[in-house]
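Visitor: I would like a close look at one small part of this model, with the cut-offs behind each term spelled out as we go. Please start from a single acidic side chain and then work outwards.

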Amino acid sequence: FFAFLLGSTQLWSQASNTVLHVYSLPAHTETLAFELPSSKVEIIKTKSARISIETTIMLPAGTPPLLDYLIKTKRYDLKATVDREAHSFTLSPAKLQKTIIIKGEVCNEDIRYKIYVPESISKVSNTYSSLTASSE
C-alpha cells in the first residue's frame with residue numbers, strides 16, 4: 001500500500017518557477033516583436049526604458065529539481081534580434097526545441113509570460129509558436 005501511495009504522489013507532482021529577464025533596447029526602437037511558445041502572454045506598458053519579462057514555467061509531471069536544471073541550462077532564455085534599419089527588436093526562444101520526456105511520457109510545459117514594455121514603443125506584436133510548450 002505504501003509503495004502505491006508514494007507512486008501516485010509522484011504522478012501528481014508539479015513543479016513551477018518564475019524567471020525574470022531584463023533587456024535594454026537600442027536607441028530609436030519603435031517596434032517590439034515576440035515569437036513566444038505560448039498563447040498566454042500579458043503585455044503591460046511601463047515608464048521604464050527596458051523590457052522586463054516574467055516567465056512562469058509549470059511542469060505538470062515534473063519535479064522542482066528537474067525544473068531548476070532546465071532553467072540553469074537556459075532552456076527558457078530568449079534570444080534578442082535587432083533590426084536597426086526597421087527600428088525593431090525581436091525576442092524568441094533560444095533553446096526550447098527538444099521535447100521533455102519523463103518516464104517515457106511527453107511532459108508538456110505550461111509557459112506564461114508577463115512582459116513589461118516601455119510606453120515609448122509604438123507597436124508590440126506576439127507571434128504564437130507551439131514548439132514544445134503546451135498551448136492550453
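Does glutamate 109 count as buried or exposed, and at what relative accessibility?

Guide: Glutamate 109 counts as buried, at 1% relative accessibility, where buried means under 20% relative accessible area, exposed means over 50%, and partly exposed covers what lies in between, with a 1.4 Å probe and protein chains only. Before going further, please keep in mind that this is a predicted model, in which local features need pLDDT of at least 70 and side-chain atom pairs count only at pLDDT 80 or more, while totals for chains, interfaces and linings use all residues. Residues are numbered from 1 along each chain as its sequence is written, and side-chain values use heavy atoms, with hydrogens and water left out.

The side chain of glutamate 109 meets that of arginine 75 in a salt bridge, at 3.0 Å from N to O; the term stands for a side-chain nitrogen of Lys or Arg within 4 Å of a carboxyl oxygen of Asp or Glu. Arginine 75 lies in the loop between helix 2 (64-72) and strand 5 (78-83), and glutamate 109 in the loop between strand 8 (105-106) and strand 9, so this pair ties together parts that are 34 residues apart in sequence. The helices (H or I, at least four residues) and strands (E, at least two) are DSSP runs, numbered from the N terminus. Arginine 75 is also buried, at 7% relative accessibility.

Beside glutamate 109 comes another acidic residue, aspartate 110, which forms a salt bridge with lysine 40, the closest N and O atoms being 3.0 Å apart. This pair links distant parts of the chain, since aspartate 110 is in strand 9 (residues 110-118) and lysine 40 in the loop between strand 2 (31-34) and strand 3 (41-46), 70 residues apart. Aspartate 110 is buried, with a relative accessible area of 11%, whereas lysine 40 counts as partly exposed at 22%. Aspartate 110 forms a salt bridge with arginine 112 too, with the closest N and O atoms 2.9 Å apart, and arginine 112 counts as partly exposed, at 36% relative accessibility. Lys40, Asp110 and Arg112 are thus linked in a network of salt bridges. For the model as a whole, the count of salt bridges comes to 4.

Strand 5, which follows the loop of arginine 75, leads to the next stop. Strand 5 and strand 6 run antiparallel and are joined by 6 bridges; two strands pair if DSSP finds at least two bridges between them. Aspartate 83 has serine 88, in strand 6, as its bridge partner. The hairpin of these two strands has 4 residues between them, and within this hairpin histidine 87 takes a positive phi near 55 degrees. Serine 92, also in strand 6, is buried with a relative accessible area of 8%. Leaving aside its neighbours within four places in sequence, serine 92 is in contact with Glu35, Asp77, Leu78 and Lys79, contact meaning heavy atoms within 4.5 Å.

Strand 6 also takes part in an aromatic pair, and the count of such pairs comes to 1. The rings of tyrosine 23 and phenylalanine 89 have their centres 6.5 Å apart and their planes at 65 degrees, so the pair is edge-to-face. Tyrosine 23 lies in strand 1 (residues 15-24) and phenylalanine 89 in strand 6 (residues 88-93), so the pair ties together parts that are 66 residues apart in sequence. By the rule used here, rings of Phe, Tyr and Trp (its six-membered ring) pair if their centres lie within 6.5 Å, and planes under 30 degrees apart count as stacked, over 60 as edge-to-face and the rest as tilted. Tyrosine 23 counts as buried at 13% relative accessibility, and phenylalanine 89 counts as buried at 4%.

As for the wider setting, the protein has 2 helices and 10 strands, and buried residues make up 34% of its 136 residues. Among contacts between residues at least 6 apart in sequence, 82% join residues at least 24 apart.
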